Structure formats: C-alpha cells, structure tokens
Amino acid sequence: MDDHSPRDDADAQALAPTPAPRVYETPPKERPITDAEAARAANLAANEHIKIASGYLRGGLADGLLKHATGAISEDDGQLVKFHGMYMQDDRDLRPERTKKKLDKAYSFMIRLRIAGGVISPKQWLALDDIAVTYAGSALRATTRQTFQYHGVIKSNLKRTMSAIDAALLDTIAACGDVNRNVMAATNPAQVGAHKAAHTLAKDISDSLLPKTSAWREIWLDGERVVGGEEEAEIEPVYGRTYLPRKFKVVVAVPPSNEVDIFAHDLGFIAILDKKNQVTGWNVTVGGGMGMTHGEPETFPRTADVMGFVKPEDAIKVAEAVMTVQRDWGNRKNRKNARLKYTIERYGLAAFRAEVEARIGKKLGEPKPFTFTNNGDRFGWTEGDDGRHHLTLYVPSGRIKDYEDGPQFLTGLRKIAQVHEGDFRLTANQNVIIANVPAEKRAAIEALVDQYGITKGAGALRRNSIACVALPTCGLALAESERYLPSLMTELEESLAHHGLAEEEITIRSTGCPNGCARPFIAEIGLVGRGPERYHLYLGAAFDGSRLGKLYKEDVAASDIRDTLEPLFADFAKGRKPGEHFGDYLIRAGHVARTVNGPDFHDRTGALKPAGHA
Amino acid sequence: MARQNLLPRTAPFGDGERASLDAVLGSATPVQRAWLAGFLAGLDAAGGQPAAAPSAPPKAAEPLTIVYASESGNSEALAGNVAKLARKQGFKPKVVDFSDLDVATLPKAGKLIAIAATWGEGEPPARAVRAYGELMGEVAPRIDGVDFAVLALGDTSYVEFCAIGKALDARLEALGGKRAAERADLDLDFEKPAADWIKNTLKALAPAETPDNVVAVDFARAAPGEDDEAEPSREPLVVEVVEHVNLNSSRSDKETIHLALAFEDGAPAYEPGDSLEIFPENDPQLVDEILNAAGLSGDESLRKALLAERDITTLSAATIERFVKATGHADAQKLIDSGEAKAWIEGRHLIDLLATFPATLTAEHLNTITRPLPPRAYSIASSRKEVGDEVHLAIVAVRYETHGRARSGVASVHVADRIRDGAKLRVRLKPNRHFRLPQDPATDIIMVGPGTGVAPFRAFVQERRAIEAPGRSWLFFGDRHFLHDFLYQLEWQEALEDKSLTKIDVAFSRDQPEKIYVQNRITHNAQELVSWLEGGAYFYVCGDAKNMAKDVRAAVVRAYEIAKSLSPADAEAQVAALERSHRYQQDVY
C-alpha cells in the first residue's frame with residue numbers, strides 16, 4: 001500500500017540522481033490565439049488551421065456525407081469529426097485485398113458516446129443495444145473512459161445512428177477531439193454519498209466544459225443552422241474558435257480506489273472524505289497524460305501533480321480555469337508537445353497554479369492527505385451503505401457481444417436491462433456494474449447472469465488487465481492489442497502459477513501504439529506496440545497507478561515476452577516482502593530504475609541486472 | 001462490282017465461258033441472281049423449252065411484314081434472316097420491331113410473319129410490352145384477309161415455354177387472320193429449325209403464280225458486303241482469361257467475377273451495349289452424378305460430350321416425356337398422367353429426374369433427352385477505346401439450394417470455380433443495337449444498373465471518357481452491402497474525379513433496417529431526374545427483368561408524377577413517349 005502524502009518520494013530521492021534546479025520559461029502574458037493572429041500564424045500545427053477554417057466544427061462534413069461513391073470523408077473533416085465523437089477508420093484486415101477487387105478501403109466510423117461518470121439507465125442501455133445490433137455489428141464496447149463506443153458504422157448510417165443516440169437522450173459531442181473529453185468518476189457504489197458527489201461533479205464539469213456550437217445538431221440531426229450571433233463570445237464562450245491545443249481529460253476519484261487512474265489525466269479531483277465518508281473538498285491534480293511517440297524522447301508519459309485543494313463549491317470554477325490556462329498556454333505549434341503535461345513542464349507547476357488562482361480569484365488550499373490502494377475494479381456483488389446491491393461483471397476488453405459458444409454478453413445484458421430497475425455503470429477498466437439492485441431482485445439478476453454465461457470475475461491477472469482496440473480498426477495501431485493480450489495472459493498465468501503467484505494482483509495493459517489509450521505506462525506490466533508482433537515492455541509502475549513504469553526491454557517479439565518475464569516472476573516469488581507488489585519489488589530489487597516522472601521516463605532504461613538470480 | 005473468278009474452276013464450263021459468266025454474275029444484284037436461278041430451274045422443268053414468263057421482268061414484289069418481339073436479339077436476328085431470304089424470293093419485306101409497331105397498320109399487312117420471344121415467366125420482351133398489350137386488348141383491329149405465321153422462341157427451362165408466341169398465334173387467328181403456316185415453338189438451339197421454318201413458311205406465303213422451283217441459294221455468303229450490314233461471325237472464338245478476380249469482398253456472401261478476356265487476333269468490333277456469349281462447361285461433379293444415375297459411369301466419350309455439349313441441368317415437361325419414351329418408366333409416366341409434372345419440375349433439374357426414377361439409360365438416350373448446351377450471354381463491361389483487344393465481363397456466381405440439392409448456374413459457376421488467369425474460353429459476340437449510347441455525345445445519360453447490371457455502364461463510361469463526351473452522366477448503382485458489394489467502386493471514384501461520371505447514387509439494400517433499392521433513389525431524386533430527362537437525357541436500365549426493371553419503370557413514372565404534378569396516366573404517357581423515341585432503353589435478363 002503506497003501512502004501518498006503528495007510526492008513524498010523518499011525512495012526516489014535515494015535512487016534517482018539529484019535533479020539540477022529547473023529553469024522554466026516565462027508564461028505568455030496574453031492569449032496567443034486571436035482569430036486574426038491564428039489565421040496569420042503559418043507555423044501553427046495543421047489542426048489549428050483546420051479548426052480555424054471549420055466555422056465552429058462544421059467544415060465540409062455535411063457535403064462529405066453526400067459523396068456516395070466513398071465511405072470516407074476528407075482528411076480535414078476526418079480531424080473535425082473527432083470533435084463530434086467519431087473517428088474515421090478502415091478495416092485493416094481487409095486492406096490487402098481491396099485494391100485488387102477494385103474496392104476502396106473498407107471505411108467505417110467509430111462512434112464514442114459522452115456519458116459523464118459512466119452511468120446510464122436500463123432504458124438507455126436498451127436503446128444503445130438496439131443501435132449496436134442495427135448499425136454496429138452487434139457489439140458495444142465499454143471503453144477505458146467509462147463510455148461506450150461503436151465500431152464499424154458506415155457513413156450512410158451515421159445520421160441514423162446519431163439520431164438514435166439523440167433519442168436515447170445521449171450524445172457524442174466532444175467524445176474525441178481537442179476538447180474536454182468524457183469526464184470519468186469513481187464508481188464505487190458501496191460509498192453511496194461519495195459516489196454521488198463524484199458523479200455529480202463529473203456531470204457538472206462535463207456540462208460546463210461542453211462545446212456550445214450547434215454544428216453537431218445541425219449536421220447529424222438536420223438541425224436548423226443558428227443564423228446570426230456569430231460573435232465568438234456567444235458561440236463558444238469558453239473555447240473560442242480554436243478550441244484546445246490538444247485533448248483534455250478530467251477524472252474524479254474517491255479513495256481508496258484509484259480505478260479512474262487519476263495520475264494519467266490532465267485534470268483530476270480526488271475526493272477528501274470526512275469520517276462519515278462525506279466529501280469535504282477535492283485535491284486537484286494536473287498534468288497527467290499517457291501519450292508519447294516512439295523514438296522521440298522529448299515526448300513522454302507523465303503522472304499528474306497534486307496542485308492543491310479546493311472546496312466543493314469552487315470545483316467547477318477550478319476545472320474551467322485549468323482548462324482555459326491550458327487553452328491559452330498550451331503549445332499550438334507542435335501537437336506532440338501540446339498536452340497540459342508539457343505546458344506544466346515548460347512553465348512550472350507554481351506558475352500554472354498561480355495563473356489558475358488568478359483566474360478563480362482565490363488561492364487553492366494545500367493538498368490534503370489521501371490513500372489509494374489500487375486502480376482495479378471490485379468484481380462480484382457488493383452492498384452499499386444504503387442496502388442496495390451492485391454486481392461488477394468482468395467484460396474482457398470491454399467487448400459486449402455474444403461470443404460463439406461463449407458468454408452472451410450482449411443478449412444477457414439486454415435481458416437484464418429489460419428487468420433491471422437501478423442503473424448501469426461503466427468502469428474505467430472497461431467493466432460493467434449492474435448497480436442499485438434491490439435485495440429482492442438480486443436473485444433474478446444473478447440467474448440471468450448465469451443463464452447467459454456472463455463472467456463475474458476472472459483470474460488475478462485478467463482482473464487487472466486492459467487492452468486497447470488496435471487492429472483491425474484503429475488507424476494508429478502498430479501491433480495487435482485486444483486480439484493478442486488474452487493469449488499472452490494465458491501464457492503468463494501458467495508461468496505465474498508455476499511460481500505460486502496465480503492469485504497475485506498484477507496490473508497488465510497493452511496498447512497497439514504509444515498513444516496510451518489503455519494507460520499502459522502506469523501498469524506493472526506495460527506492453528506498447530512497436531511493429532507487427534513486437535512490443536516495448538515497460539515494468540516497475542506502481543500497482544495503484546501513481547508511478548510510471550520504465551522501458552525494460554525494447555522491441556520484444558511477442559513469442560519472447562513470457563520468457564522475458566518468467567525469471568522476474570521467479571525472483572519476485574522468492575524475494576518479495578509481504579504484501580509487496582510486483583512493480584515495487586522490481587525497483588527495490590534493482591531490476592529496473594524507478595521513474596520519478598515524465599522527464600526521466602526515458603532515462604536509465606533497460607534491465608539493470610540479469611533476472612532469475614534472486 | 002465486277003468480281004473475278006466467281007465460278008470455281010471445277011465448274012463444267014470452258015475458261016472463256018467461265019469468264020463471261022463471271023462478268024455477268026459478278027455484277028448482278030441478288031434479285032437478278034435469284035431470278036436467274038429460278039429461270040434456269042424452270043427451264044429444266046419445262047423440258048428444255050424456254051418459258052415465256054420468266055424472261056419477262058419480275059413482277060412487282062409481294063409486300064411482307066415481319067414483326068418481332070425481341071429481348072436478347074435472337075428474334076431480331078431471325079427477322080433479319082427472314083427478310084433477307086424473302087427479298088431473294090421476290091418479296092418486299094419490311095421488318096418492324098414490336099416497340100415501333102402501330103397495331104392499326106396490321107390489317108393492311110397482307111402477309112405477316114411474327115417472331116416472338118417469351119421472357120421470364122411467360123412475359124413479352126420489355127420493348128414489346130406496349131404493342132403486345134394493344135394487340136391482345138380491345139383496341140386491336142380485325143385483320144381479315146391477312147395471311148400470317150408465327151415463330152415462337154423460348155427456353156424449355158421455363159415453365160411457360162413460348163407462351164407469348166402461342167398467345168400471338170391464337171390472337172392473330174381470332175382477329176380474323178388466316179394461318180398460312182403452323183407455328184414452331186423453338187428452344188435455345190433454334191438456329192437449324194428456325195432456318196427450316198423460315199424456308200417453308202416463305203414458300204407457304206408465296207403467291208400462287210410464283211414458280212415454286214426457285215432455288216434458294218445463299219448468295220450473301222459467296223458475296224459478302226452485298227448486304228446492308230456485315231454480320232459478326234457466328235463461329236465461337238477462343239479467348240484467354242487475363243484477369244479473373246472476385247469483385248466482392250471476402251466478407252460478402254456474393255461472388256461477382258470480373259473477367260478480362262484477350263482476343264489473340266483482335267477483339268471483334270463490339271460496341272458498348274453489346275453482349276458476349278460464353279460457351280460454358282458443365283460441373284464435372286454433376287456430370288459424374290448423371291452418369292452414375294444413368295448407370296453409364298466409365299463412358300469417357302459420353303462424359304466428354306456431357307461436359308461440353310449437352311444441357312444436363314434443364315428439366316422441362318418435354319424432357320420427362322422424352323425420358324418416358326426412352327425408358328418406358330411407369331412411375332414417370334404416372335407423373336405426366338397425373339398432370340402434376342409442371343409443379344414437380346419447379347426447382348428440379350435433370351439429376352432429380354434420374355434420381356427419382358432410376359433407369360438404366362444408353363448414351364443415345366441421354367442425347368435424346370437433353371438439348372444442346374446453350375451459350376450464356378453477358379453484357380460487355382468495357383469499351384474497346386479503353387481496353388483495346390480485350391472484353392471485360394462481370395459475372396455473378398449463381399448458387400442456391402432447392403429440394404435438398406446445391407444448384408449452380410452453369411456458366412457463372414464454371415467461370416467462378418473452374419476458370420482462372422490464363423485459362424481459355426470459347427465466346428461469341430452478340431450485338432444489341434437496342435442498347436446504345438446516344439449518337440450525340442453531348443446528350444446526357446442516366447444509367448440504372450444494380451448488381452452486374454452495372455456492367456454495360458462501365459462500358460458506357462469508358463467510351464464517353466475516351467471520346468471526351470461533353471454530355472453529363474448519372475449512375476444509379478445498388479447491391480447488398482456498401483462495404484463488400486460495391487462493384488468497381490474505385491473506378492467510379494476515378495470517373496467522378498475525371499468527370500466522365502457526373503453523379504452517382506447508390507442503394508445498398510442490407511445496410512440498414514429497411515431495404516433501399518435503386519428505384520427508391522430514383523423517386524427520391526424525382527425533380528432532378530425529370531429535369532435531366534426533359535433536357536433530352538437518355539435513360540438506361542440493365543439487370544433483373546423480373547422485378548427491378550419494372551420497379552424502376554414505375555419509379556420513373558412516379559418521378560414524373562412528383563416532379564410535374566402529373567396524374568399517374570399522364571406520367572405513364574411521358575415514360576411511354578420516352579420508350580417510343582428510344583430514349584428509355586433496357587438490357588434486362
């Protein structure tokens with residue numbers, strides 16, 4: 001159990017070289033992007049020009065939908081459509097045959113919803129299920145951001161799908177793009193009061209930081225274009241016409257669970273609870289983020305800093321201030337340096353905090369102590385302090401579908417939604433909670449879960465796993481992820497069992513590229529795609545998600561991963577202290593260097609000593 | 001035109017005589033030669049005495065009206081043959097397409113030959129629908145005094161074999177006409193019997209005073225170029241398959257083969273709109289099943305014949321009758337007697353007959369029971385101006401199951417399964433002059449071609465690109481799934497890019513809960529479509545005749561109703577007018 005009086009890293013001081021005093025740049029005095037300046041600034045990143053020219057996210061989308069010979073939209077619109085919650089993708093499995101068959105790439109769209117805090121009603125579940133069956137290959141995917149996404153929706157069905165989503169009183173606005181993305185919140189239903197506060201905060205932030213342009217309604221629902229009032233201040237009072245330099249992710253955590261991975265996000269709120277489990281305020285974290293680029297050491301993942309403490313009534317104001325400082329200070333010339341984490345590295349936390357305080361008109365309090373124990377989910381039934389029951393299901397890689405000769409997640413959850421009176425919650429670990437079940441309904445739900453073979457748990461490793469989608473749909477993937485991780489885990493489970501570690505909780509996450517959707521850099525075993533069947537292997541992260549891992553071995557063939565880890569498991573089994581986690585052990589035993597934070601992520605990489613000799 | 005050495009050296013004349021005869025015959029018209037032939041024949045018959053009549057100039061030719069209702073072009077070709085022969089025999093033939101037929105003129109026809117194809121489930125060819133309807137309806141005039149004969153074409157694999165020809169035959173009689181010759185009902189192997197029927201019928205229609213000893217000599221063969229139009233060779237050509245690719249994605253449940261065929265000695269002079277016939281081979285597995293069922297396994301020469309020459313799938317009432325005649329099978333006889341044979345045939349093939357009524361047959365029996373394996377025509381999907389000496393085809397593999405047996409289209413599955421790059425195929429050009437681009441390249445065209453119906457429009461677009469036609473073009477395409485069945489998708493994208501295609505609308509029936517077809521897209525675009533048509537655009541439909549072509553026509557009528565606020569009848573008149581001016585053309589099957 002790591003106890004975080006914030007950044008009390010005595011160990012880090014001991015093991016890492018003493019850093020030289022940092023010299024920070026002076027923050028800009030004025031907001032650099034006025035319209036006129038933006039238009040003139042030829043050295044802005046391409047996306048900035050697209051945003052400027054888009055007329056508040058409209059671009060050529062409406063016309064692109066009418067180009068019937070292609071399933072694609074233009075490249076620029078492909079950037080814009082992200083702000084509407086969509087990614088244009090193509091089935092990469094089919095690429096080799098298409099040209100020969102005189103067919104264009106098999107384009108389709110990933111559509112991601114905005115579900116702040118991941119809570120939906122059974123009625124909404126049924127509507128989303130219906131959309132999945134009708135337009136999206138009979139699969140719903142619970143994402144790592146507590147929402148659903150659909151894959152494989154073709155262009156000609158986009159408007160139908162969007163209007164069906166709208167009819168379910170949901171939307172996809174800002175689910176992707178350079179805006180505040182879906183806001184996550186702790187799900188722990190056992191802490192009724194704290195969960196409610198966390199969920200409410202997530203929802204309020206989501207609403208107040210939502211883009212206000214009517215483009216979404218106009219394009220997808222054939223809404224009327226609002227004419228007049230084209231003043232920027234009225235259309236996008238918070239964002240302006242260029243929105244943010246890069247994506248912006250907000251989470252709300254309730255200790256002791258760090259299920260939302262607070263340190264992996266741009267902005268976080270950690271509930272500070274009193275003795276009655278009531279929220280007295282929030283610690284504010286800033287500057288976390290996962291993405292990096294292979295071979296570019298100036299890019300790195302970073303865990304968030306705890307910046308201060310804020311009273312509940314000021315939380316929204318702080319959220320808006322953090323976002324607008326990033327809006328104004330963030331790097332718009334280089335997208336690979338644009339996330340808040342780089343802004344804070346460039347100008348320093350102190351200057352950033354001062355600017356936030358200036359914008360909210362008051363000082364932040366000093367951070368309060370808090371303790372996280374893990375970043376996983378609680379599987380199976382739990383009972384809340386209000387006597388309601390909650391069942392957390394294990395959904396491999398978040399895929400809610402019917403497996404041939406396997407679990408019938410889609411059908412089973414549909415049947416449950418038809419009788420369930422509470423709600424559903426999606427977790428940041430891609431699992432599903434059937435929440436707020438009255439005691440007398442518990443047996444009926446349980447029966448349906450069993451009838452459709454839905455899993456209520458899994459082995460220790462699988463319980464703590466996340467994989468991103470990667471191939472075949474993701475355009476960024478360099479290697480398999482979701483289709484590969486299950487078989488790797490089978491290998492590793494054998495190996496762990498061999499060393500008596502079958503029940504050991506170890507976090508393992510894989511992504512097909514270094515952009516970090518499954519947050520692999522804060523997993524104890526992190527796999528990041530390098531090329532077909534090749535991965536970078538990261539080790540030494542903290543089990544509770546508070547410390548980054550370190551590149552242990554470069555470019556490992558998939559077939560060698562087990563053999564690489566096996567001797568480390570052996571050493572761990574022999575040399576660990578009671579209760580010591582795998583990541584912590586590897587650092588203490590000197591196998592891999594501790595990463596203090598982003599800037600030293602690329603230092604002292606590789607295995608520090610031969611494994612298998614403990 | 002004087003021709004050298006018309007008479008062979010073996011002719012029983014001296015060199016000088018041969019030269020003199022060559023000089024006369026070489027410059028003679030067909031009528032002169034026919035007259036001379038008749039004269040010489042008559043001379044012998046009269047015992048050496050020159051008859052007086054033949055030496056006189058031929059009397060005024062007898063008018064003969066030849067009407068045809070053609071879908072695939074066979075009836076039309078036969079009508080041409082009739083005219084050619086009739087002219088030689090002193091008739092003055094006039095060939096009229098049913099689509100142009102004014103039924104009010106029929107009473108004055110005098111002599112009338114009708115050649116009619118039957119289409120689909122006993123329907124007239126699409127172009128003939130209007131005139132056929134008028135003829136069968138109350139507006140039809142009496143034709144007392146008209147001598148007529150009907151030649152019916154059909155396909156015994158359809159239940160309503162030659163239904164249109166039969167109906168016409170009865171109707172012409174009912175209207176007061178006098179049947180001059182018995183009708184012939186011909187199957188796909190019609191060429192020989194049709195030639196015989198034509199010869200005999202012309203004889204029957206000939207005026208009494210015409211000497212009946214005219215020898216019909218096909219001078220056209222000896223003197224090519226004399227006739228109105230050079231006919232393509234009827235002999236199959238061997239081509240090499242240079243591209244064979246399934247256009248549907250590996251996730252599709254359809255299989256459409258794009259074939260590029262190379263002609264070694266230059267492609268025949270085909271035009272966009274023409275078809276190419278493929279001479280297929282039967283499925284070897286089916287051949288073996290047939291041989292096995294007939295107790296003839298091991299007969300290699302029969303196996304070879306069944307593979308390439310006989311139609312071993314089609315089952316018709318006639319097939320069963322011939323089977324009973326050959327085998328005396330009592331149960332099969334009962335099936336005929338019970339009157340249920342027609343229903344039983346539905347969805348069944350020859351193999352079902354042999355399996356249901358086991359009998360030991362001889363090779364001769366099988367030969368009698370089956371008909372020759374007909375070629376299968378496919379609309380050409382290329383323009384010579386773009387592909388040179390190649391012909392491209394798009395062929396959808398037909399596979400289905402009936403009565404517990406997997407069935408497959410003979411030609412399509414032969415191409416899909418047993419033909420690969422480098423393979424050879426026997427083919428024959430089949431022109432279709434009723435499916436042609438507008439003469440004026442500035443004219444707009446609207447093309448409706450779902451599935452492989454899009455094939456000729458690929459040819460159209462290639463052609464119009466090559467000649468840089470300034471006219472606009474609009475394609476309606478449809479199939480099941482956008483991602484997996486969008487035939488030639490990349491090519492349409494290029495064509496839109498280079499403006500050889502102006503506009504495309506697509507209908508993929510299974511991409512959304514409700515089925516969307518090309519006809520829905522047509523009515524959806526009513527205003528624009530009608531504005532194109534009113535600007536002189538030609539409208540083309542290719543593909544399924546059973547439903548699609550009718551639905552598309554109804555959609556165009558509906559488009560007029562919507563766009564012009566017309567009554568259904570007035571809108572119908574607009575489309576009928578398009579048809580009569582040949583601006584609404586169909587190539588359906």
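Q: Which residues of H5(B) are buried?
A: The model is predicted: local features need pLDDT of at least 70, side-chain atom pairs count only at pLDDT 80 or more, and totals for chains, interfaces and linings use all residues. Residues are numbered from 1 along each chain as its sequence is written, with chains lettered from A and ligands numbered from 1 in the order in which they are written. A residue is buried if 20 or more other C-beta atoms, placed from the backbone, lie within 10 Å of its own; helices (H or I, at least four residues) and strands (E, at least two) are DSSP runs numbered from the N terminus. In H5(B), this condition is met by Ala131(B), Tyr132(B) and Leu135(B).

Q: Why are the buried residues on the same side of H5(B)?
A: The arc is taken from the directions that lead from the helix axis to the C-beta atoms. The buried residues lie on the same side of H5(B) because they cover an arc of only 100 degrees.

Q: Against which elements do the buried residues of H5(B) pack?
A: Two residues are in contact if their C-beta atoms, placed from the backbone, lie within 7 Å. The buried residues of H5(B) pack against E1 and helix H6 (163-174) of chain B.

Q: Why is strand E3 of chain B largely enclosed by the rest of the structure?
A: In a regular strand the side chains alternate between the two faces of the sheet. Lys111(B), Ile113(B), Ile115(B) and Ala117(B) point one way from E3(B), while Leu112(B), Ala114(B) and Ala116(B) point the other way. Strand E3 (residues 111-117) is largely enclosed because seven of its seven residues are buried.

Q: How many bridges join E3(B) to strand E4 of chain B?
A: Two strands pair if DSSP finds at least two bridges between them. E3(B) and E4 (residues 147-153) run parallel, and Ala117(B) stands opposite Leu153(B). The number of bridges joining E3(B) to E4 of chain B is seven.

Q: Which residue in E3(B) is the bridge partner of Tyr68(B)?
A: Strand E1 (residues 62-69) of chain B runs parallel to E3(B), and five bridges join them. The partner of Tyr68(B) in E3(B) is Ile115(B).

Q: Which strands stand at the edges of the open sheet of six strands?
A: This sheet of chain B has the order E12-E9-E16-E7-E8-E13, with antiparallel pairing. Each edge strand has a single partner strand, so one side of each is left without a neighbour in the sheet. The edge strands are E12 (376-379) and E13 (390-396).

How values were computed:
A residue is buried if 20 or more other C-beta atoms lie within 10 Å of its own, exposed if 12 or fewer, and partly exposed in between; C-beta atoms are placed from the backbone.
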